[in-house]
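Biologist: I am new to this structure and should like to understand its pockets. Please explain the reasoning behind each term as we proceed.

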Amino acid sequence: MGDNTLVLGHRVSEWCGVAPVLEEDIALANTALDLIGQTTLWLNLAGEVEGAGRDADALAFRRDVKDFRNLLLVEQPNGDFGRTIMRQFLFDAWHQACLSALCESEHEGIAAIAEKSLKEVTYHLERASDTVIGLGDGSDESHARMQAALDRLWPYTGEMFTSDDVDQAMASAGIAPDPASLRPVFDERVTAVMTRATLTLPESDFAHKGGKTGKRHSEHLGHLLTQMQWLQRAYPDATW
Amino acid sequence: MVVEKPSTETVYDWLRAVPDPEIPVLSLVDLGVIRDVVWQGETLEIIVTPTYSGCPATRIINLDIETALRDQGIEKLHLKTQLSPAWTTAWITEYGRRQLEDYGIAPPQPAGGPARCPQCHSENLERISQFGSTPCKAQWRCRACLEPFDYFKCI
């Protein structure tokens with residue numbers, strides 16, 4: 001959870017100062033801020049559970065590509081504004097379903113972070129849905145760009161619902177939901193929004209995988225980390 | 001040096017004088033982030049619930065609480081962050097809501113949008129953006145007086 005919000009939060013923050021209009025610039029920066037705030041909560045908890053003395057900063061700035069467990073979707077480059085919004089919508093739709101389930105976690109710390117994050121993410125999803133509909137059901141140009149964005153990003157959604165031994169163990173222990181159980185809620189939301197946006201969901205269910213397990217990230221994550229981590233790498237423990 | 005432990009009511013009064021760093025007309029108590037004040041033996045414990053998880057003001061809020069209480073002579077102090085139940089705008093006091101409107105920020109409404117323009121009180125309003133100058137606000141405009149204004153989002 002923390003790696004997803006960290007990587008997407010960084011990606012979205014890349015729009016700061018260069019978004020198409022001021023209101024969108026502020027909206028994207030605020031979304032990024034929420035995600036980075038959630039990252040701090042998740043990674044601090046992860047550090048506590050690990051018990052090796054690593055806090056959120058250590059986990060964010062001193063791990064390399066192979067140690068990241070984020071979905072491939074969130075590390076994809078921003079592309080144009082339409083692709084950024086489509087990525088946000090697809091992530092938000094999954095994120096909201098996942099956080100709703102995590103509110104019921106047997107682990108108190110996880111349930112508390114999920115409850116806190118869910119309020120922010122519900123707002124993100126509302127905005128992303130409105131914007132996808134506005135642009136999809138917009139001009140010929142915006143429609144074409146949103147369809148292209150959907151076609152490009154759709155193969156990155158399947159990974160959200162895959163599971164490994166860790167996922168299964170957590171589901172059995174009541175700590176986290178079985179990833180596959182989130183699919184119906186996700187599909188329902190996506191179908192409803194795409195219908196209103198006059199966009200067509202790709203028929204292929206081919207899914208890129210490897211981000212969540214850390215086995216094979218796309219080449220983009222390394223470049224992102226280079227920018228995000230260089231200061232802590234060059235000047236470890238720097239403060240100001 | 002404090003000779004005897006101040007009552008929690010007194011501590012609340014001190015905290016009522018600490019303004020929110022972003023919206024200084026609102027005290028931390030009126031913002032609803034102070035969830036409890038308790039004495040644990042000789043240590044004063046303040047339970048704080050952050051508004052938005054990424055809000056940069058959160059750190060300053062903790063610093064301001066600490067400074068204010070140290071200034072009153074409290075030496076043993078512990079600030080505890082409590083995430084659940086998550087902060088809600090329903091915790092903003094009635095007084096706080098009036099202060100917000102007087103300051104030009106429309107207070108949160110369960111309906112999801114401002115009730116009226118904080119300047120001219122017209123109800124003829126439009127939303128400019130779901131986000132505003134801080135994570136807790138959105139941008140709206142009054143169609144009557146044409147003034148843009150901040151709306152405190154209802155969460």
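**Pockets and their linings**

Modeller: This is a predicted model. The lining of the largest pocket comprises 23 nonpolar, 17 polar and eight charged residues.

Biologist: Why is this space called a pocket rather than a cavity?

Modeller: A cavity is closed to a 1.4 Å probe, whereas a pocket is an open set of points, so the term pocket marks this space as open. Its volume is about 1900 Å³.

Biologist: What makes a residue part of the lining of the largest pocket, and which residues are closest to its centre?

Modeller: A lining residue has an atom within 4 Å of a point of the pocket. In the largest pocket 48 residues line the space, and Ile36(A), Thr40(A), Ala56(A), Asp57(A) and Arg59(B) are the closest to the centre.

Biologist: How do you know that both chain A and chain B supply elements to this lining?

Modeller: At least two lining residues come from each of α1, α2, α3, α6 and α10 of chain A, and likewise from each of α3 and β3 of chain B. The largest share, 10 residues, belongs to α2(A).

Biologist: What is known of the second largest pocket?

Modeller: The second largest pocket has a volume of about 1100 Å³. Its lining has 32 residues, with Met1(A), Gly2(A), Arg69(A), Val166(A) and Met170(A) closest to the centre. Here too α2(A) gives the largest share, seven residues.

Biologist: Why is Gly2(A) counted as polar?

Modeller: The polar class explicitly includes Gly, so Gly2(A) belongs there. The lining of the second largest pocket divides into 19 nonpolar, five polar and eight charged residues.

Definitions and conventions
Residues numbered from 1 in each chain as written. Chains lettered and ligands numbered in written order. Predicted model: local features only at pLDDT ≥ 70, side-chain atom pairs only at ≥ 80, totals over all residues. Heavy atoms only, no water. 1 Å grid on protein atoms, 1.4 Å probe; cavity = no way out; pocket = protein on both sides within 12 Å on 5 of 7 lines; lining within 4 Å. Points joined across faces, edges and corners; volume = space filled by probe spheres on them. Helix = DSSP H or I, 4+ residues; strand = E, 2+ residues; numbered from the N terminus.
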